[in-house]
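Welcome! Please take a moment to look over the sequence and the 3D view before reading on.

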Amino acid sequence: MSLFLVQSLNGLQFGILLFLIAAGLTLVFGVMGFINLAHGVQYMIGAYLTFMFFQWTANFFVALLLGLIVALAIGLACEILIFRHLYARDHLDQVLATFGIILFVNEAVKVIWGPSSLILPPPDILSWSFEIIDGLQYPVYRLAVIAVGIAVAIGLYLAVFKTRVGMLIRAGATHPEMVSALGVDIKRLFMIVFGFGAMLAGFAGAIAAPMFSLEPNMGDDLLITVFVVIIIGGIGSIRGAFIAAVLVGFLDTLGRAVATDLLKLVFDPSAANQIGPALSSMLIYILMAAILFFKPEGLFPARGAA
Amino acid sequence: MRKIFGNTLAVLALSLATAPLVQAADLKVGLVLTLSGPPGALGKQAQDGFNLAVETLGGSLGGANTTVVVADDELKPDVALTRVKSLLERDEVDIVVGTIFSNMLAAIYKPVIKADKILISPNAGPSTFAGKKCHPNFFVTSYQNNQNFEALGKYAQDNGIKRVFMLAPNYQAGRDSMNGFKKHFQGEIADEVFTPLGHKDFSAQIAQIATSKADAVFTFMPGGMGVRFVKQFDAAGLSDKMTFLSAFTVDETTLPAQKDAAVGLFGAGTWAPDFDLDRSKAFVANFEAKYGYVPGSYAMQAYDAALLIDSAVSAVGGDVSDKAGLKAALKAAKFDSMRGTFKFNNNQYPIQDFYLLNIAKRADGKYQTEIAEKVLENSGDSFAAECKM
């Protein structure tokens, strides 16, 4: 039972991380109807920038702050220079262009920081651990990530539902022409949403770096999972993204932990060892297919709800 | 037509380039290595190791004026195939040295053998070409892949380890690693867990390990996976509680990132930078002076491959067109290996000793693997018996 609790905590923490990346992506996708494959790159940029500033300042929090500012700046620059010109274009053009950005930035990261994995240590104040169950130390840093993630989720919820900008974002998601006709500078609104989304992804990368490692392409495989999250949650919905992210985080983590053992009850061990890992990798896609079957627009369609 | 024109040009260029050096014979070696992406760190080691040997020997292997052409297979079979064809047809290399990864070797093996060129693998040692499909043109200077895992299983068996938790990525090499370990290990297997390739967060697996009551964990987590797993394993406080047995998980390509988290863990291999042999120490010192990082087995095996070529070309008096003589000389392997004595088995994979390696922080703050103890002596691989050579 206690092992189950630990695995749930791991699942929650993975879900929180997914949410931080998904939040920006779902807004960009929902509000602007723009498919941004390069969102995973923002995650990587956030991590590498924080790593770079950490080497200069030797202070995690200062490095994180500087990393976020520069990640925001890069996000805005990309929006102005590249993405802005793609909003009116076909989805295929957007996919092509943003895929090109992935290739370019991954290669640039490799040139600047090298192809090997790098490590960013957690801040000293959080680099201790406690015995969560007999024989297993749980890093406090991971608990801090969960806490910060939940705080960001609440903050975002308030920003989207209780502020004027949030109201415009929700309105822009469903009736962009009407919002524009009422005299709102929709271009600037889009730019804010985009820059902010990029910064959130960068934030996710930066706080994930001490748990995992930094390497070129680090955001690419996460991006696929994040797309699953925003589709399950309903495109454009912050609330949906949060619930779907936690759901996917739990399912993925618990699936990996117990799928093989459960199969061993039915099959012989070697067959279970063959099927288990394959099945647990498929679970989130099965969930997505099932949800799309019953609710084609996701759990919380953005229509008027955000 | 274009081809004839191209050839004429090439001949012209060649005759111009070689005009002043009529005496010296020429040798062209093509390296096919993975140099892109995170696994590129392994290929870089091999490339630097090979180049260092050529440079140390004054730019000539066996007295032949040597040109090294490097090709990056990008860890994609189709790219590897294109690059090796270009090496064979355009560059007209005499010997191909490659690859790092076994699936890349599978891609380039056929074209090289078909062109009747020599193929020397500085790292990949798949079972595929060790048994029935062994070939007189194919040599391996590293090991047969399973052997490192077999050595770990032997160590566990001989050292009172009763219960082992096994963890590997879910692909062929991962499954092979577990089978290799089980060859000598008779104890209990607590669990066999497979993760996706490139797995990020091992917290779920680490919780399973912590509650498995195993004495030891056996793992094969190459590259970035190894970096993440070792950091998380250490952060969970498991390093002090159980023996960590691994191959290709804590080595000179991952240690710069793993640092202290890897100290106290074990790897397996045929060599380490502290290998007690004067010429090996000189190699390590020269390598570090030139490239600024610690050479791992990848660099050493490529260095040995160059020395092997040197010995063979020298035996045929620099005449690389003497294929039969060259092959016989390669098989004789009369060179001063960094591993001490070096001997080929009948399948042209080495017969050698395997060691348990531990991780040490050196006085200069860098990390390296070190020989802990010999586990297998003069060990040939399990497939050589099937090879009819």
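What follows is a short tour of the contact between two chains, and then of one residue.

## Where the chains meet

Keep in mind that this is a predicted model. How many residues of each chain take part in the contact between chain A and chain B? On the side of chain A there are 37 residues, and they are in contact with 32 residues of chain B. Together, the two chains bury about 2,700 Å² between them. Carbon and sulfur atoms account for 55% of that area.

## Bridges and polar contacts

Four salt bridges are counted between chain A and chain B. One place to look is A:D221, whose side chain meets that of B:K200 in a salt bridge, with 3.8 Å from N to O. Nine residue pairs are also found in polar contact across this interface, both residues being at pLDDT 80 or more.

Which elements of chain A give two or more residues to the side that touches chain B? They are the helices α1 (2-32), α10 (238-266) and α11 (269-294), along with the strands β1 (129-133) and β2 (136-139). By residue type, this side of chain A divides into 15 nonpolar, 14 polar and eight charged residues.

## A closer look at B:E288

Now turn to chain B, where B:E288 lies in helix α10 (residues 278-291). Is B:E288 buried or exposed? Its relative accessibility is 17%, and buried means under 20%, so B:E288 counts as buried.

Leaving aside residues up to four places away in sequence, B:E288 touches B:Y293, B:V294, B:P295 and B:R362.

Notes
Residues numbered from 1 in each chain as written. Chains lettered and ligands numbered in written order. Predicted model: local features only at pLDDT ≥ 70, side-chain atom pairs only at ≥ 80, totals over all residues. Heavy atoms only, no water. Contact = heavy atoms within 4.5 Å. Buried area = accessible area lost by both parts, 1.4 Å probe. Polar contact = N/O pair within 3.5 Å; in protein donor to acceptor, adjacent residues only side chain to side chain. Helix = DSSP H or I, 4+ residues; strand = E, 2+ residues; numbered from the N terminus. Nonpolar A, V, L, I, M, F, W, Y, C, P; charged D, E, K, R; others polar. Buried < 20%, exposed > 50% of the residue type's maximum accessible area, 1.4 Å probe, protein only.
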